[in-house]
Amino acid sequence: IHIQQSNSSDLMDTTLIGFSSNQLSSSGAIPGTQEIVQVTQTSDVGFFDIFKPAPGTVYKFVGGDLLASGGTATINFSLFDGSAYAYVGNTSVSGQEPLTFDNLYKLPDLYVTNEVWIGGDFSTIATSARVSMCFIRVR
C-alpha cells in the first residue's frame, strides 16, 4: 500500500477500527484470546486435527502437555493444509510432561491459521493419551 495524502485518513480509520474491535494488535498477542485445546484418544485413529482457528485469524502456540494413562504415549505433530503435511516434531511420555517436540526442550515459533493448522498422530497409546495445547491469537 502506498500512503498518500488522499488515502492516509482511510488507513488511519482502518487501523483504529482494528484496534477498537480487538482484531488488530501492535504489541503482539491480543488480550483475552488464549484457547486451550485438549484431545483424548484411546486407539490409533491416524492423523487428527488439534487446532484449526476461524478464518482470518492467526494464533501462536504457547505451550502444552501430553498425558499418558496406563503406560507410554507418543504423538507426532504436523502442520496440515488439507493436502500436504509438514512434520513439526514429536513428544513421548510416560505419565504427564510438557510438549518438547523431539525432546529438545525448546518451543518452536509455531503459528496456525485456518489455511494451515496443527494436527497430530499418536504412534503409541497405552490405555489412553491426551494432548493439551494452548494458543493465543496474534492477528
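Colleague: What share of the contacts with a separation of 6 or more in the protein comes from residues 24 or more positions apart?

Modeller: The share is 72%. Please bear in mind that this is a predicted model.

Colleague: Which secondary structure elements does the protein contain, and what pattern do they follow along the sequence?

Modeller: There are one helix and seven strands. Read along the sequence, they follow the pattern α-β-β-β-β-β-β-β.

Colleague: How should one read the pairing of two strands, for instance strand 3 and strand 4?

Modeller: One looks at the sense of the pairing and the number of bridges. Strand 3 and strand 4 (residues 85–98) are paired in the antiparallel sense, over 12 bridges. L79 stands opposite A86 in strand 4. The two strands form a hairpin with four residues between them, and G82 in the turn has a positive phi of about 100°.

Colleague: What percentage of the residues counts as buried, and how much accessible surface does the protein have?

Modeller: Of its 139 residues, 37% count as buried. The accessible surface comes to about 7,800 Å², and 52% of that belongs to carbon and sulfur atoms.

Colleague: What is the general idea behind a nonpolar core?

Modeller: In soluble globular proteins, nonpolar side chains tend to be buried together. Here, the largest nonpolar core has 25 residues, of which I50, F77, I118, V131 and M133 touch the most other members. Strand 1 (35–41), strand 2 (48–51), strand 3 (58–80), strand 6 (117–125) and strand 7 (128–137) each supply at least two residues of this core. Strand 3 gives the largest share, eight residues.

Colleague: Which residues does I50 touch, leaving out those up to four places away in sequence?

Modeller: I50 touches V37, V39, I75, F77, I118, G119, G120, V131 and M133.

Colleague: Is V58 in strand 3 buried or exposed?

Modeller: The cut-off for buried is under 20% relative accessible area. V58 has 16% relative accessibility, so V58 counts as buried. Leaving aside neighbours within four places in sequence, V58 is in contact with Y111, V112, T113, I136, R137, V138 and R139. V58 and F135 are 77 residues apart in sequence, and their C-alpha atoms are 9.7 Å apart in space.

Colleague: How does the same reading apply to S128, and where does this residue lie?

Modeller: S128 lies in strand 7. With a relative accessible area of 16%, S128 is buried. Beyond the neighbours within four places in sequence, the contacts of S128 are T40, Q41, T42, L67, A68 and S69.

Colleague: How many aromatic pairs does a search of the whole structure find?

Modeller: The search finds eight. One of them joins F48 and F122, which are stacked at 5.6 Å centre to centre, with 20° between the planes. This pair links distant parts of the chain, since F48 is in strand 2 and F122 in strand 6, 74 residues apart. Both F48 and F122 are buried. F51 and F135 form another stacked pair, at 4.5 Å centre to centre and 20° between the planes.

Colleague: Why does the pair of F51 and F135 tie together parts that are 84 residues apart in sequence?

Modeller: The reason is that F51 lies in strand 2 and F135 in strand 7. F51 counts as buried at 6% relative accessibility, and F135 is buried with a relative accessible area of 0%.

Colleague: Which residues do ring pairs link into a cluster, and which charged end sits over the ring of W117?

Modeller: The cluster consists of F47, F80, Y85 and W117. The charged end of K52 sits over the ring of W117, 3.9 Å from its centre.

Note on methods:
Residues are numbered from 1 along each chain as its sequence is written. This is a predicted model: local features need pLDDT of at least 70, side-chain atom pairs count only at pLDDT 80 or more; totals for chains, interfaces and linings use all residues. Side-chain values use heavy atoms; hydrogens and water are left out. A nonpolar core is a set of buried Ala, Val, Leu, Ile, Met, Phe, Trp, Tyr and Cys residues joined through side-chain atoms within 4.5 Å. Buried means under 20% relative accessible area, exposed over 50%, partly exposed in between (1.4 Å probe, protein chains only). Contact means heavy atoms within 4.5 Å. Accessible areas come from the Shrake-Rupley method with a 1.4 Å probe; for residues, only the protein chains shown count as cover. Two strands pair if DSSP finds at least two bridges between them. Rings of Phe, Tyr and Trp (its six-membered ring) pair if their centres lie within 6.5 Å; planes under 30 degrees apart count as stacked, over 60 as edge-to-face and the rest as tilted. A charge sits over a ring if NZ of Lys or CZ of Arg is within 6 Å of the ring centre and within 35 degrees of the ring normal.
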